[in-house]
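Visitor: I am new to this structure. Please take me through a few labels and show what backs each one.

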Amino acid sequence: MDSAGVVRRAVAEFAAAHLDGSQVCVGLSGGPDSLALTAAAVRSGLDVTALIVDHGLQSGSSRVAAEASEAAAALGAQTRILPVSVGRRGGLEAAAREARYAALDAARDDHPVLLAHTADDQAETVLLGLARGSGARSIAGMREWNPPWGRPFLGVRRSQTLGACTDFGLAPHHDPHNRDTRFTRVRLRAEVLPLLDDVLHGGVVEALGRTAAGLQDDNDALDEWAHRVAVGAIHADGLAVDPLREVPMAVRTRVVRRWLSGVGATEPTHRVITAVVALVAPGAGRGAQVAIGGDPATRRVVELTGNTLTVRLTAR
């Protein structure tokens, strides 16, 4: 099957599996992946609105956005250009991603948004998760369907989206940021994955994608187990520890994360969650506290009171 056929089939199969109607938005940058997705969505019979986020980070970004809009309109999609202001919190990549998702969410009018992440993007995400050491949830990568976000191309290679643009007669924009080796993800793409493919004799991108899919299934099962435990363990006074001591660590950690999110933890990071889980262990030090956030005047701490984890506010 030619590349155009591959991307059309990917969108059609995604729509049949996950969508209730024909109206969708597509996050369009003008690059090969998102342009191929826009074309495939239109040609699959979907009613497409292309949402083009202009981050304003490069000279001529408004021109690139306008050209992407014109290309989408020529394909038969409606278009909207969304200028955003990008901060610097967490680094440029993270801040741009935060601004982009916020703009897409605000503009989607309750319709699903299709994003053009490919199998190559998934492989990069899994490797980044491995490097962070933040557990199975991170290594599981991106989900094909996490409402309202849909990713029909997680089984499609980047070379195929570029080929599809050629098949469709489209001229995509090539973002210079995607070749800037100051960005970790670009170095993974340009240096690490090709080296792994060479050393392991190919198939690395597909193998990492299978790893992510398998971990997503495992995470779903553990999350469901944790939900059942949380229903009995979380109450108005705190989190009962006895039920947690009866389940594996993977479930215990998930219950603690859920509880912390509900009691005002600023960010239940891996470090904070691990410290709170340590309070559950038999023989944990009485009087031990774990800070979980707060404001300039007070802080929230978790402590073990009897057989219950409780939250207490203390003055700074």
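Visitor: How do you know whether His201 counts as buried or exposed?
Guide: First, a caution: this is a predicted model. Now the value. His201 has 74% relative accessibility. Exposed means over 50%. Therefore His201 counts as exposed.

Visitor: What is the sign of phi in His201, and where is the place of this residue?
Guide: Phi of His201 is near 65°, which is positive, and His201 is not a glycine. Its place is the loop between α8 (184-199) and α9 (204-233). Most residues other than glycine have a negative phi.

Visitor: Which phi does Asp109 have?
Guide: A positive one, about 55°, although Asp109 is not a glycine. Asp109 is found in the loop between α4 (92-107) and β4 (113-114).

Visitor: Why is Asp109 called buried or exposed?
Guide: Its relative accessibility is 55%. The cut-off for exposed is over 50%, so Asp109 counts as exposed.

Visitor: What makes the peptide bond from Pro147 to Pro148 cis or trans?
Guide: Omega is near 5°, and the bond is cis. Pro148 sits in the loop between β5 (145-146) and β6 (149-150). Most peptide bonds are trans.

Visitor: How many disulfides does the structure hold?
Guide: It holds 0 disulfides.

Visitor: Why is Cys25 not bonded to Cys165?
Guide: Compare the distance with the cut-off. A disulfide needs two cysteine sulfur atoms within 2.5 Å. The sulfur of Cys25 is 20 Å from the closest cysteine sulfur, that of Cys165, so it is too far for a bond. Seen from the other end, Cys165 is in no disulfide, and its nearest cysteine sulfur is that of Cys25.

Visitor: How do you know whether Cys25 and Cys165 are buried or exposed?
Guide: Buried means under 20% relative accessible area. Cys25 has 2%, so Cys25 is buried. Cys165 has 1%, so Cys165 counts as buried too.

Visitor: Which residues are buried in helix α12?
Guide: In α12 (residues 270-278), Val272, Ile273, Val276 and Val277 are buried.

Visitor: What puts them on the same side of α12?
Guide: They cover an arc of only 130° around the axis, so they lie on the same side of α12. In general, an α-helix has 3.6 residues a turn, so residues three or four places apart point the same way.

Visitor: What do the buried residues of α12 pack against, and what does the face turned away carry?
Guide: The buried residues pack against α11 (249-262), β9 (289-294), β10 (298-305) and β11 (308-315). The face turned away carries the exposed residues His270 and Arg271.

Methods: Residues numbered from 1 in each chain as written. Predicted model: local features only at pLDDT ≥ 70, side-chain atom pairs only at ≥ 80, totals over all residues. Heavy atoms only, no water. Buried < 20%, exposed > 50% of the residue type's maximum accessible area, 1.4 Å probe, protein only. Helix = DSSP H or I, 4+ residues; strand = E, 2+ residues; numbered from the N terminus. Arc of directions from axis to C-beta. Contact = heavy atoms within 4.5 Å.
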